[in-house]
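Open the model in your viewer and keep the sequence panel visible. The stops below can be selected one after another.

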Amino acid sequence: MQQITEQSEIDFQSEKYKDAYSRINAIVIEGEQEAHENYIKLAELLPQHKDELIRLSKMESRHKKGFEACGRNLQVEPDLQFAKEFFSGLHANFQKAAAEGKVVTCLLIQALIIECFAIAAYNIYIPVADDFARKITEGVVKDEYSHLNFGEVWLKDNFTESKAELEAANRENLPLVWKMLNQVADDAQVLAMEKDALVEDFMIQYGEALSNIGFTTRDIMRLSAYGLAAA
């Protein structure tokens, strides 16, 4: 789906843009902070992969600093309280799963849902970002694919025993993504990010991840429908 707005047409200094950016920028900052904390927790749950997971957590921390710099570049104060509420559903579900030792659910939330959500958002944002933010975001996207890959590889290697929990976790968490996309649609539009393009890119990323793990095309359509039912 093509972006209909040229970067040259966007007034990055307008009050309307900065107001919307204060929430979008906060979401990516908080998203990277959530990911940082989630990978540390996963390192406790998967001690045999501790070094790799700690490396990923540090990467997320660097991303957060990069996006904080993007806000400073536009002289925008991120609305972090909004962002914490935005992630509250996925945050609570991850914490609950971690407390119960449900590694599969934790990986689905962080390594699939959050990473696919991030990759989709960054892919749609890059063509319409200001020059400073574009360079930062392009670097981040390359890293996010490695995070997605860790979850895919682990879940593929443990697919048979993980499948039932994956389906249950998908049923509970995918509808939250649609609420989140709806909640941010107006602000994203101001930044020239079309909601339909965000949805389309997320579904492509998420579907490919499920396929790589071992789900069939029929499975993926069924699993994806849980999200669409909440739209």
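Select Gln75, which is exposed, with a relative accessible area of 65% (exposed means over 50% relative accessible area, buried under 20% and partly exposed in between, with a 1.4 Å probe and protein chains only). Gln75 sits in the loop between H2 and helix H3 (80–86); helices (H or I, at least four residues) and strands (E, at least two) are DSSP runs, numbered from the N terminus. Its backbone is worth a check: Gln75 is not a glycine, yet has a positive phi of about 55°. Most residues other than glycine have a negative phi, and most peptide bonds are trans.

This is a predicted model, in which local features need pLDDT of at least 70 and side-chain atom pairs count only at pLDDT 80 or more, while totals for chains, interfaces and linings use all residues. Residues are numbered from 1 along each chain as its sequence is written, and side-chain values use heavy atoms, with hydrogens and water left out.

Go next to Ala192, in the loop between H7 and H8. Ala192 is also not a glycine and has a positive phi, of about 70°. Is Ala192 buried or exposed? Ala192 is buried, with a relative accessible area of 5%.

Now show the two helices on either side of that loop. The axes of H7 and H8 cross at roughly 170° and come within 11 Å (axes are lines fitted to C-alpha atoms, for helices over the stretch in contact, and angles run from 0 to 180 degrees between N-to-C directions). H7 is therefore roughly antiparallel to H8 (angles over 145 degrees count as roughly antiparallel, under 35 as roughly parallel, 65 to 115 as roughly perpendicular and the rest as oblique). On the H7 side, the residues making the contact include Phe159, Leu166, Trp178 and Ala188; on the H8 side they include Lys195, Phe202, Tyr206 and Ile213. Contact means heavy atoms within 4.5 Å.

Stay on helix H8 (residues 195–213) and pick Gln205. Gln205 counts as buried, at 8% relative accessibility. Leaving aside neighbours within four places in sequence, Gln205 is in contact with Cys116, Ile119, Asn123 and Tyr145.

Follow that contact to Cys116, which is buried, with a relative accessible area of 0%. Which cysteine sulfur is closest to that of Cys116? The closest one is in Cys106, 17 Å away, too far for a bond. Cys106 is likewise buried, with a relative accessible area of 0%. The structure holds zero disulfides, a disulfide being a pair of cysteine sulfur atoms within 2.5 Å.

Turn to the largest nonpolar core, which has 83 residues (a nonpolar core is a set of buried Ala, Val, Leu, Ile, Met, Phe, Trp, Tyr and Cys residues joined through side-chain atoms within 4.5 Å). Select Tyr21, Leu107, Tyr125, Phe202 and Tyr206, the members that touch the most others. Helix H5 (residues 103–125) gives the largest share of this core, 18 residues. In soluble globular proteins, nonpolar side chains tend to be buried together. Centre on Tyr125: not counting residues up to four places away in sequence, Tyr125 touches Tyr17, Tyr21, Asp130, Ala133, Thr137, Leu191 and Met193.

Return to helix H7 (residues 159–190) and find Ala169. Ala169 counts as buried, at 3% relative accessibility. Ala169 and Ile109 are 60 residues apart in sequence but 7.9 Å apart in space, C-alpha to C-alpha. With residues up to four places away in sequence not counted, Ala169 touches Thr105, Leu108 and Leu174.

Add helix H4 (residues 88–99), which packs with H7 at an angle of about 160°, their axes 9 Å apart. H4 and H7 are therefore roughly antiparallel to each other. Gly89, Leu90 and Asn93 in H4 meet Glu172, Asn173, Leu176 and Met180 in H7. H4 passes H7 in a left-handed crossing, where the near helix is turned anticlockwise from the far one by less than a right angle (right-handed if clockwise).

The last stop is Arg55, in helix H2 (residues 50–73). Arg55 counts as partly exposed, at 39% relative accessibility. Measure from Arg55 to Tyr39: the two are 16 residues apart in sequence and 8.8 Å apart in space, C-alpha to C-alpha. Then display helix H1 (residues 15–45), whose axis comes within 8 Å of that of H2 and crosses it at roughly 165°. That makes H1 roughly antiparallel to H2, and the crossing of H1 and H2 is left-handed.
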